[in-house]
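Okay, everyone, thanks for coming. I'll put the structure up, and then we'll walk through a few parts of it together.

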Amino acid sequence: MKKILIYCKTFSTAQNLINHIVGKISALQIVGLSSTIEDALETINKCKPQFIISTDSNIIKKIDAAFPQLHPKIILITKNLIRTQSIIENQTLLLGEQYNYEQMITKISNFIGYEERMSDNIQAQKLLTNLGFKLKLKGSAYLIEAIVFTKYYRTQNYSLEDLNKIIYPHVAKVFSTDVNNVKWAVDRAVKYTYESRT
């Protein structure tokens, strides 16, 4: 777990950070919640957090002055419009409020060196989404199952014969359908994706 202090001047801002960002990153452990710089510095001295998230840029100068030997990384959320996030000397991550919560979670996770382990199913979904597949199509659901199954099913050489004799029957069994329905739906999903990209 990575220890984090939340420093915000208002409770509502701190609550938003906890509910929408910090609480969504399971690698973070909140060791303090401060509304004044004095309280924040006291918590830093006592708990030695590795990260501080704040909406007040003054915290950076105060920490540098009070703890020249201690270098917690700062995640600063600013109202200023910035085109891209800035990482200053690998110690400060600057995020503009134009980022939505999901984007902030991703950027903060990268900054703290944390990547949540995605399930095989989620990884397959992301792969297909990146390729342009619509997940609402039945063929996409069949493809996801086929990809996950293929990860654990190993032969000397993959072949079309494996697809027809092993993979499609497995998918059909999982979805309580027949192999022809699986083939048709997968073919339809591939064609739909190809046509929508050309």
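Let's start with a word I'll use a lot: a residue counts as buried when its relative accessible area is under 20%, as exposed when that area is over 50%, and as partly exposed in between. And please keep in mind that this is a predicted model.

So, a warm-up: is Tyr 153 buried or exposed? Its relative accessible area is 17%, and the cut-off is 20%, so Tyr 153 is buried. You'll find Tyr 153 in the loop between α6 and α7. Along the sequence, Tyr 153 and Ile 166 are 13 residues apart, and their C-alpha atoms sit 9.3 Å from each other in space.

Now for the helix I'd like to spend some time on, α8. It runs over residues 179-197. With 19 residues at 1.5 Å a residue, α8 should span 27 Å, and its end C-alpha atoms are indeed 27 Å apart, so the two agree.

Which residues of α8 are buried? They're Val 182, Ala 185, Val 186, Ala 189 and Thr 193. If you look down the axis of α8, those buried residues fall within an arc of 100°, so they line one face of the helix. Here's the background for that: an α-helix has 3.6 residues a turn, so residues three or four places apart point the same way. Flip to the other side of α8 and you get exposed residues: Asn 180, Trp 184, Tyr 194 and Glu 195.

So what covers the buried residues of α8? The cover includes α5, which is residues 120-131, along with α6 and α7, the latter being 160-174.

Let me zoom in on one of those buried residues, Thr 193, in helix α8. Its relative accessibility is 4%, so Thr 193 counts as buried. If we skip its neighbours within four places in sequence, Thr 193 touches Leu 131, Gly 132 and Phe 133.

Next, how does α6 sit against α8? Helix α6 is residues 138-152, and it packs on α8 at an angle of about 105°, with the two axes 7 Å apart. That angle makes α6 roughly perpendicular to α8. On the α6 side, the contact is made by Lys 138, Gly 139, Ser 140, Tyr 142 and Leu 143. On the α8 side, it's Asn 181, Val 182, Ala 185, Val 186, Ala 189 and Val 190. Sort the residues of this contact by class and you get 7 nonpolar, 3 polar and 1 charged.

Let's try the one-face idea on another helix, α4, residues 101-111. Its buried residues are Met 104, Ile 105, Ile 108, Ser 109 and Phe 111. Around the axis they cover an arc of only 155°, which puts them on the same side of α4. On the face turned away from that buried side, α4 carries the exposed residues Glu 102 and Asn 110.

Time for a strand. Thr 78 is in strand β4, which covers residues 73-78. At 12% relative accessibility, Thr 78 counts as buried. Leaving out neighbours within four places in sequence, its contacts are Leu 94, Leu 95, Gly 96 and Glu 97.

Now two loop residues to look at for their backbone angles. Most residues other than glycine have a negative phi. What about Lys 48? Its phi is near 50°, a positive value, and it isn't a glycine. Lys 48 lies in the loop between α2, residues 37-47, and β3, residues 51-54. With a relative accessibility of 41%, Lys 48 counts as partly exposed. Ser 176 also has a positive phi, of about 50°, although it's not a glycine. Ser 176 is in the loop between α7 and α8, and with a relative accessible area of 70%, Ser 176 is exposed.

Last stop, two helix residues. Leu 163 belongs to helix α7 and is partly exposed, at 26%. Where is Lys 183 relative to Leu 163? The two are 20 residues apart along the chain, with 9.9 Å between their C-alpha atoms. And Gln 15, in helix α1, residues 11-20, is partly exposed too, at 36%. Gln 15 is 18 residues from Leu 33 in sequence, and the C-alpha to C-alpha distance is 9.8 Å.

That's my tour, thanks for listening!

Conventions. Residues numbered from 1 in each chain as written. Predicted model: local features only at pLDDT ≥ 70, side-chain atom pairs only at ≥ 80, totals over all residues. Heavy atoms only, no water. Axes fitted to C-alpha atoms, helices over the stretch in contact; angles between N-to-C directions. Helix = DSSP H or I, 4+ residues; strand = E, 2+ residues; numbered from the N terminus. Parallel < 35°, antiparallel > 145°, perpendicular 65-115°, else oblique. Contact = heavy atoms within 4.5 Å. Nonpolar A, V, L, I, M, F, W, Y, C, P; charged D, E, K, R; others polar. Expected span 1.5 Å × (residues − 1). Buried < 20%, exposed > 50% of the residue type's maximum accessible area, 1.4 Å probe, protein only. Arc of directions from axis to C-beta.
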